[in-house]
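Biologist: I am new to this one, so could we look at it together? Please tell me how you know what you say about it.

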Amino acid sequence: MQTLSKRLQQFRSGSPLSFRLLAYILLFSSLFTLAASAIQIYTDFRKDVSLIDERMSVIETSYSSSLSRSLWALDQKLLQVQMEGILSLPDIIHLRLRIFPDSELVMGEKTRNISTKERTFTLTHEGDALYDLGELTITASMEEIYRNMRRKVFIILTTQFFKTFFISILIVWIFQYFVTRHLSAMASYARQFSLDSLDRPLRLDRPNSVINSRDELAQVTDAINQMRERLHQDLDRQAQDAAQIRKLSKAIEQSPSSVLICDRQWHIEFVNQKFSQLTGHRAQDIKGKHPGMLTDDAFSQRENKQLWQNIRLQVQRVGVWQGEVNSTRKSGERFWEQVVVTPIKDSESNVTHYLILGEDISIRKRYEQQLLRQANYDILTGLPNRMLALDRLKLALAQARREDTLVGVMFLDLDNFKHINDTMGHDAGDNLLIEAARRISSCLRGTSTVARLGGDEFLVILPGLAGPESTEQVADRILQTFVPPYLVGGQEVFVTTSIGIAIYPTDSDNSGTLLQHADAAMYQAKSKGKSAYERFAPEMKEVSHERLQIESRLRRALELNEFELYYQPIVETATGALTGAEALIRWNNPTMGMVMPDKFIPLAEETGLITPIGEWVIAEACRAAVRWQNVTGSKLSIAVNVSPRQFRDPGFVEIVMDAVNLSGIDPKQLELEITERLILDNTIETAEILRRLDKEGVRLSVDDFGTGFSALSYLKSYPFDTLKIDKSFIRDVMHEKDDASLVRAIINMAHSLGLLVIAEGVEEEAQTHFLQQEGCDYAQGYFYARPAPESEFEHWIRTNHRAKV
């Protein structure tokens, strides 16, 4: 015991860390022991109490029925024996039986000074009815439970205390041996450490094992020894500081950034070589001057004075200033410079000088301006793009609200631009867009905006209008500028534009709706014949909405089998004999009813749906021709219109031949009608497609001849078999000499080229006589039959008296 006391005294006087460690271990171990012991004792206590509760439940379950029978039979002796049996059970010290109505039987003793637990249950008898006979109260003693709990508390606390105490002593001894004595050695080394003892390293009195070399004591020892070595090196480094300062001075002098050092009054004391190269100022000429007063221009000096006042205040408040400055060289040339200004402070944080670093960013600024322009302007035309146009429209609307004026919004779309782009190439299309942008811009005043939204769509914003008629005047000027032809690729091309107009606030008070309304008006202008303008009217919203609905339903029409082919007979003009038919597509939509081609074909062209629709038409027409052959026994030709977009599909020839092969039709029975504008696309691809189709035996026809550009020079270049005269010439052939002469010339020209001729739109018998007289080979029109579904067309074949198979 005396030895233990000495050890504690040693810990307390010589090792305060060990003593505190012992105190903390004892404290927290005791707290943990108390908490764990309390939980254990309480758990045991609750277990003992639950045993008494369980015993009382067993008594109630086992004895209630037998006690009830004894009580009902008034067998007092048996009743007493049963109660004595209950009283003999462990912890049961008292029984009290109340016999209704006013009798009572008590057994056992009930001491006031002990803790007890009671339970009462009713005794009943079940006969014709349920009778309450009495009530039994059982009293159990808790004394034994509390006695066991006190004994456990004493034993657990005593054993845990001694265990914790001795373990803590052992831990502290281990800690003192392995840690604190080494810490004392480190402290002693640190007290004796000086520049004279740099050669003596710190070593601890312990084995040099792998485990010891990785612990914290080894890390601290290594850190102290490394510090000793660094101090040793610092003595050598101090001798090199002068040379290092000279090196830093050279680095500043040769820095790629311009460097100025000013005194506390912002007078220049030092400039490096880069600054002189950048600005043209020599160091000896500007020393003592303010950095903002290096130019002789009075206006620049006023600008620089305000700038450097802001810089000085910012540096004083924040400690640094950086930004972009439009500086001036000695020659007067302006350039952009990235400048950083920071104070130079002494050891007491007092500002002694100011450091100014500069970098020429003129090239970067030009790139930024270029990127900004690319983000806001159309690269091809140089006009504002959609994003900038919408910003300007919102600004114009805001200004109109303040000034109570009107804003006109015009939506322009070039007519037939897609055809020119497809036939003459994208370079020609780009040149056309540039010239169109120039013409539109020439019609506007300075405050107006013309923007390219994309493709061949333009937007014109007319702010500050006094009345709506001003927009119509501008629209008239724009339409007039499109009258002269465009010279594209050495060829004159005529392009018009359709214009839709919406006005703020008459048509809408927000930019998005105005654009929608102008777009709807533009489509209305196109539908009325193009090269026109239309003011927005409320009913156009329905037209625009209908167009969206048509497009949405058109995308599912093919998979829902809503398309149907109608057939119009083609007869031999001289004899009236049926030679074939032209397949005409119809769209039978459950909601919209029968939709004619002129209503959905342009939309299908625009959206690209024409390609799958055209593939279906060719396949279905081939199958129909085969069915007619089975019915009539004769090979009737079938003519199918081909869209330019469909024709340029890379797999067009394969699509045609797949339809021919799958249906079993003779390729010579299939005739593909190609619009006159397509043959103007004098490209290798067009010629190759036509050549491959002709090689496969498919017949080729020029449709609607005479309505487009003059294509006479191209007819002999391509392997066409037939030429179709447009119905617009046949309609007035009996009344207009010019039309008659033109039809006569077309027939003679076609025959001279070896082409057969079909006249479309024949509606009168007199027209047939004229065509017979002029030698026209074939004819079709209402005079013979209107287009009809396949079933009706087959019936016409069987019953018609004009045309015979």
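Biologist: What makes Val656 a contact of Ile618, Leu670, Leu672, Leu693 and Val698?

Modeller: Contact means heavy atoms within 4.5 Å, and Val656 meets that with these five residues: Ile618, Leu670, Leu672, Leu693 and Val698, its neighbours within four places in sequence being left aside. Bear in mind that this is a predicted model, where local features need pLDDT of at least 70, side-chain atom pairs count only at pLDDT 80 or more, and totals for chains, interfaces and linings use all residues. Residues are numbered from 1 along each chain as its sequence is written, and side-chain values use heavy atoms, with hydrogens and water left out.

Biologist: Why is the set with Val656 called a nonpolar core?

Modeller: The name is used because its members are buried Ala, Val, Leu, Ile, Met, Phe, Trp, Tyr and Cys residues joined through side-chain atoms within 4.5 Å; buried means under 20% relative accessible area (exposed is over 50%, partly exposed in between; 1.4 Å probe, protein chains only). This largest core has 78 residues, and Ile638, Val656, Leu672 and Leu693 have the most contacts inside it. Its largest share, 11 residues, comes from helix 18 (610–632). Another core, of 32 residues, lies apart from it and includes Leu383 and Ile503.

Biologist: How do you know that strand 3 and strand 4 pair?

Modeller: Two strands pair if DSSP finds at least two bridges between them; strand 3 and strand 4 (130–141) have 11, in the antiparallel sense, so they count as paired. Strands here are DSSP E runs of at least two residues, and helices are H or I runs of at least four, numbered from the N terminus.

Biologist: What makes strand 2 and strand 3 edge strands?

Modeller: Strand 2 (103–108) and strand 3 (116–126) each pair on one side only, in an open sheet of four strands ordered 2-1-4-3.
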